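Biologist: Before we look at the chains and the strand together, could you take me through the reading of this model step by step? I would like the general idea each time, and then the case at hand.

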There are 2 protein chains.
Amino acid sequence: MPTPDRTSLAQIVEAAREILESAGLAGLTMQAVADRVGVRAPSLYKRVRSRGDLIGLVADATLQDMGARLDAIPTGADPRQDLTELARAFRAFAHERPAGYRLIFDWGPETVKLDQASFVRAAAPLLRIAADLAGPEHELEAARTITAWANGFLSMELAGAFNLGGDLDLAFEYGVARLADAFIGTRPAAIG
Amino acid sequence: MPTPDRTSLAQIVEAAREILESAGLAGLTMQAVADRVGVRAPSLYKRVRSRGDLIGLVADATLQDMGARLDAIPTGADPRQDLTELARAFRAFAHERPAGYRLIFDWGPETVKLDQASFVRAAAPLLRIAADLAGPEHELEAARTITAWANGFLSMELAGAFNLGGDLDLAFEYGVARLADAFIGTRPAAIG
DNA sequence: ACCTGAACACCGTTCAAGT
DNA sequence: ACCTGAACACCGTTCAAGT
């Protein structure tokens, strides 16, 4: 006679995300997840191949959330303003889920293998803005310059690596403003 | 009768650095370090408080190497060119010691607590260039914008997070060039 | 004073036995 | 078909006993 399910993959991933944010990656143990969903640790292996696999699912879920958030930002006529809004939303998301954020961008492939499709979707809004700012032939390089800056800023902010004092909100706004200007000269002349 | 020393702190840190680069942070076990220096694992605790402590020493040694490398770069009359050289040297260092680099910038305070003084020294060359490019009153913000971009680029490059194809060397050069231009407009007018 | 074997707590993971 | 206790290998770390 089969046993009724006492948990689910979705519940396990959700529990893992909460533990990650409250206890860090080192605190994300199979034991802790099992406790939270109400089973014994070995039972988790019925739904998940390994701890690394579970971490990958957590990262992907976070990346998908991020993609949805960035996709929902309305865009207007001014690409400089659009970039500012996008960057602020990116930063807000990183502040809300710092451990999840770092799992995506910082912990790297040693711990996580992300899904290509989720990445492409999260990058889409920025690619549109980059094309507006730098022209379509420099779209990818411009998007990479912006992503590198934004991710680098957040990585260092979350890691406490900006340890020379000063105002970080101001430094962030300064950075977006400089980047918004940086591509203008490279754009092909407008028609007419 | 005292036993002769069979290893030293310097030897332990050096062994740890090599293991880190060849086996990753997960492979950097006390056992592996002990094997390499020729003692048993418990003996390491005579010179090192804990594994976390050893990781911190590895990170700091790497950061000091980086500072020395960046400090040795000759600077000329053109701050744009100086920035380009500095950025290339930064990238070259990251490519030589990817795991050590990531220990400094990416793995964060969960694993590592860096020495403030080492950081200040490594940042000095960039601060000089930033003051030249953006003017002294925006020195810190400009330096942070550049650091964020450079670190973000390298983090993502090393993590394989640039997965949309394209030429990364080109994207890097494009980024430095944009950043070198980005501050010009904000500088106070030259005398005369 | 440094080194060692033995031991402890805590991981991830496997598996035979239950229902 | 899912769940569990028991067990295994492997960590970091402590400590009493050696020299």
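Modeller: Let us start with one residue: Gln116(A) lies in helix H6 of chain A, which covers residues 116-134, where helices (H or I, at least four residues) are DSSP runs numbered from the N terminus. This is a predicted model, in which local features need pLDDT of at least 70 and side-chain atom pairs count only at pLDDT 80 or more, while totals for chains, interfaces and linings use all residues. Residues are numbered from 1 along each chain as its sequence is written, chains are lettered from A and ligands numbered from 1 in the order in which they are written, and side-chain values use heavy atoms, with hydrogens and water left out.

Biologist: Is Gln116(A) exposed or partly exposed?

Modeller: Gln116(A) is called partly exposed because its relative accessible area is 39%, and that term covers values between buried (under 20%) and exposed (over 50%), with a 1.4 Å probe and protein chains only. In space, its C-alpha is 9.7 Å from that of Asp60(A), although the two are 56 residues apart in sequence.

Biologist: How should I read the size of an interface?

Modeller: It is often given as the accessible area lost when the parts come together. Here about 3900 Å² is buried between chain A and chain B, with carbon and sulfur atoms giving 63%; this is the area lost to a 1.4 Å probe, summed over both parts. In chain A, Arg144(A), Leu164(A) and Tyr174(A) lose the most area to chain B, together 18% of what that side buries.

Biologist: How many salt bridges and how many residue pairs in polar contact are there between chain A and chain B?

Modeller: There are zero salt bridges (a side-chain nitrogen of Lys or Arg within 4 Å of a carboxyl oxygen of Asp or Glu). Eight residue pairs, both residues at pLDDT 80 or more, are in polar contact, meaning N or O atoms within 3.5 Å, one able to donate a hydrogen and the other to accept it within protein, with residues adjacent in sequence counted only if both atoms are side-chain atoms. H7(A) gives the most to the side of chain A that touches chain B, with 13 residues.

Biologist: Which residues are closest to DNA strand C?

Modeller: Tyr45(A), Arg51(A), Arg6(B), Arg40(B) and Ser43(B) are the closest of the 21 residues that surround DNA strand C, a residue being near if one of its heavy atoms lies within 4 Å. A phosphate oxygen of the strand is 2.8 Å from a polar backbone atom of Arg51(A), and one is 2.8 Å from a polar backbone atom of Arg6(B).

Key
Helices (H or I, at least four residues) and strands (E, at least two) are DSSP runs, numbered from the N terminus. Buried area is the accessible area (1.4 Å probe) that two parts lose on being put together, summed over both.
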